[in-house]
Amino acid sequence: MLRLVVNVVVYQCAWFACVLGAAASRPWLGVAAAAAAVLLHLYMAPAPRRELPLILLATLAGAAFESLLVASGWVRPSPTLLVGSVMPIWMVALWAAFATTLNVSLRALRRRYLVTAIIAAVGAPLAYQAGAALGALQWVHATPALLLVAAGWAVLLPLLMRTA
């Protein structure tokens, strides 16, 4: 139970550090918090050698998705520290931190792919909207961007849960 609570709290701290750091043009705050979240997760994990490839896969999948989202022109993230001139490093770091939740706080979603897809399709746009409200990104065309976020997460999260 303690591991679950720590996982939720640490991820939320990393999320806020990434978003608020980006909004304040200090993305390294979020990158550092996300790195700390990943390191703590690996330290606490019963099988860290199984977790590391999952974190890397989720980070790469997330980076590809965020790049697609930014390339669509519907989302304009905070332009600090771009990776390959397409997506900010704080977004990559956030995906790494998110991956730490797959086998801990999101464990109950295992093998419940339809429920996972529905939760992702609703929750992800809310999280992105919160990030926009806090100044980490701007919607160029909000409705299609939010639909793309919902669809992308509805596919990605069940795939990541299956991998986990």
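**Exercise 1. Place Thr 59 in the predicted model and find which residues distant in sequence it is in contact with.**

Solution. Setting aside neighbours within four places in sequence, Thr 59 is in contact with Val 92, Trp 95 and Ala 96. Thr 59 itself sits in helix H3. Its relative accessibility is 14%. Buried means under 20%, so Thr 59 counts as buried.

**Exercise 2. Check the length of helix H3 against its residue count, then list what is buried in H3 and what covers it.**

Solution. Step one is the span. Helix H3 has 24 residues, 48-71, and at 1.5 Å a residue these should span 34 Å. The C-alpha atoms at its ends are 34 Å apart, so the two values agree.

Step two is burial. The buried residues of H3 are Glu 51, Leu 54, Ile 55, Ala 58, Thr 59, Gly 62, Ala 63, Phe 65, Glu 66, Leu 69 and Val 70. An α-helix has 3.6 residues a turn, so residues three or four places apart point the same way.

Step three is the cover. Among the elements over these buried residues are helices H2 (27-44), H4 (89-99), H5 (113-133) and H6 (142-163), together with strands S1 (75-77) and S3 (87-88).

Step four is the end of the helix. After H3 comes Gly 73, with a positive phi near 85°.

**Exercise 3. Describe the aromatic pairs that involve Phe 98 with Tyr 11 and with Trp 95.**

Solution. The whole structure holds five aromatic pairs. In one of them, Tyr 11 and Phe 98 are edge-to-face, 5.9 Å centre to centre with 70° between the planes. Tyr 11 belongs to helix H1 and Phe 98 to helix H4, so this pair ties together parts 87 residues apart in sequence. Tyr 11 and Phe 98 are buried.

Trp 95 and Phe 98 also form an edge-to-face pair, with 6.2 Å between centres and 75° between planes. These two residues are three apart in helix H4, so about one helical turn separates them. Trp 95 is buried, as is Phe 98. Tyr 11, Trp 95, Phe 98 and Trp 153 make up one aromatic cluster.

**Exercise 4. Describe the largest nonpolar core and trace the contacts of Tyr 128.**

Solution. The largest nonpolar core has 46 residues, and those with the most contacts inside it are Trp 90, Leu 102, Tyr 128 and Trp 153. Two or more residues each come from helix H1 (2-23), H2, H3, H4, H5, strand S4 (137-139) and H6. H4 gives the largest share, 10 residues.

For Tyr 128, neighbours within four places in sequence are left aside; the contacts are then Phe 65, Glu 66, Leu 69, Trp 95, Leu 137, Trp 139, Val 149 and Trp 153.

**Exercise 5. Decide whether Ile 89 is buried, partly exposed or exposed, and relate it to Trp 28.**

Solution. Ile 89 lies in helix H4. With a relative accessibility of 24%, Ile 89 counts as partly exposed. Ile 89 and Trp 28 are 61 residues apart in sequence, while their C-alpha atoms are 8.5 Å apart in space.

**Exercise 6. Summarise the fold of the whole chain and judge how compact it is.**

Solution. The chain has six helices and four strands, in the order α-α-α-β-β-β-α-α-β-α from the N terminus. Its radius of gyration is 15 Å, close to the 15 Å from the globule rule for 164 residues, so the chain is as compact as a globular protein of that length. Of its 164 residues, 45% count as buried. Among contacts with a separation of 6 or more, 75% are between residues 24 or more positions apart. The chain exposes about 8,300 Å², and carbon and sulfur atoms supply 72% of that area.

Key:
Residues are numbered from 1 along each chain as its sequence is written. This is a predicted model: local features need pLDDT of at least 70, side-chain atom pairs count only at pLDDT 80 or more; totals for chains, interfaces and linings use all residues. Side-chain values use heavy atoms; hydrogens and water are left out. The radius of gyration is taken over C-alpha atoms; the globule rule is 2.2 Å times the number of residues to the power 0.38. Buried means under 20% relative accessible area, exposed over 50%, partly exposed in between (1.4 Å probe, protein chains only). Contact means heavy atoms within 4.5 Å. Accessible areas come from the Shrake-Rupley method with a 1.4 Å probe; for residues, only the protein chains shown count as cover. The expected span of a helix is 1.5 Å times one less than its number of residues. A nonpolar core is a set of buried Ala, Val, Leu, Ile, Met, Phe, Trp, Tyr and Cys residues joined through side-chain atoms within 4.5 Å. Rings of Phe, Tyr and Trp (its six-membered ring) pair if their centres lie within 6.5 Å; planes under 30 degrees apart count as stacked, over 60 as edge-to-face and the rest as tilted.
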